[in-house]
Amino acid sequence: MPRSKKVQSREEFQVFEDYLAENGLKHSRQREIILEHFLANKGHMTVDDLYRIIQRTHPEIGRTTIYRTLKLLCDAELAEAIELNDGLTRFEHLYNSEHHDHLICTECGAIIEFTNDEIERLQKEIARAHGFSADSHRHQIFGVCRKCNRRRRPIKKNRSKNKSRRTDYSLSEAELIHL
Ligand SMILES: [Zn+2]
Ligand SMILES: [Zn+2]
């Protein structure tokens with residue numbers, strides 16, 4: 001039986017509380033509020049997206065606090081950070097969420113989620129062939145979405161080579177400057 005949303009979020013609060021305790025970090029009301037709003041909003045959010053949402057009801061919570069809390073949520077495996085080519089990190093739910101990969105539009109920033117059993121199987125096979133034990137992976141395909149493709153006429157062939165694919169999470173230069 002699928003668990004109700006309420007039970008799941010209570011679980012997530014517990015995971016966060018445990019993580020903070022294990023790492024000697026204090027549990028603050030602000031962090032709790034940030035987690036609450038993060039969980040209430042699905043999708044791929046930037047720090048500013050979440051900041052704007054939280055501002056409406058909690059103007060006392062600063063952007064830096066939100067940024068730092070999102071980092072903690074990543075460390076606690078409640079959130080996952082996605083790197084795009086625009087220098088902004090998006091955060092999405094990780095705990096109890098289905099694994100998926102992304103198609104990322106470099107024009108409008110749209111993120112399309114997909115899953116493909118064959119890709120998953122191949123990745124495992126490749127790891128095994130290299131004696132590598134894979135814990136996780138993130139497959140990001142950069143390009144232009146259907147909507148943006150329709151907007152550009154004529155459709156250009158031989159688009160420039162895809163930009164580098166980032167699989168791990170790090171703070172971009174642009175974000176550091178922002179803080
Ligand atoms: Zn697009
Ligand atoms: Zn996603």
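**Exercise 1. Find the residue in strand 5 that is the bridge partner of I104.**

Step 1. Go to strand 5: the bridge partner of I104 there is F142. Strands here are DSSP E runs of at least two residues, helices are H or I runs of at least four, and both are numbered from the N terminus.

Step 2. A quick word on what you're looking at: this is a predicted model, where local features need pLDDT of at least 70, side-chain atom pairs count only at pLDDT 80 or more, and totals for chains, interfaces and linings use all residues. Residues are numbered from 1 along each chain as its sequence is written, while chains are lettered from A and ligands numbered from 1 in the order in which they are written.

Step 3. Now widen the view: strand 3 (residues 101-105) runs parallel to strand 5, and four bridges pair them. Two strands pair if DSSP finds at least two bridges between them.

Step 4. Put the sheet together: it's open, with three strands in the order 4-3-5 and mixed pairing. Strand 4 (111-114) and strand 5 (140-143) are the edges; each has a single partner strand, so one side of each has no neighbour in the sheet.

**Exercise 2. Work out which residues of helix 3 are buried and which are exposed.**

Step 1. Pick out the buried ones in helix 3 (residues 47-57): V47, L50 and I54. Buried means 20 or more other C-beta atoms within 10 Å of the residue's own, exposed means 12 or fewer, and partly exposed is in between; C-beta atoms are placed from the backbone.

Step 2. Look down the axis of helix 3: the buried residues sit within an arc of 70°, so they line one face. The arc is taken from the directions between the helix axis and the C-beta atoms.

Step 3. Flip to the other side of helix 3, and you'll find R52 and R56 exposed.

Step 4. Ask what covers the buried residues: helix 2 (29-40) and helix 4 (63-75) are included.

**Exercise 3. Trace where the largest nonpolar core gets its residues.**

Step 1. The core has 18 residues, and those touching the most other members are I34, F38, L50, I66, L70, L73 and A79. A nonpolar core is a set of buried Ala, Val, Leu, Ile, Met, Phe, Trp, Tyr and Cys residues joined through C-beta atoms within 7 Å.

Step 2. Helix 2, helix 3, helix 4 and strand 1 (79-83) each chip in at least two residues. Helix 4 gives the largest share, four residues.

Step 3. Zoom in on L70: leaving aside neighbours within four places in sequence, L70 is in contact (C-beta atoms, placed from the backbone, within 7 Å) with V47, A79 and F91.

Terms used:
Contact = placed C-beta atoms within 7 Å.
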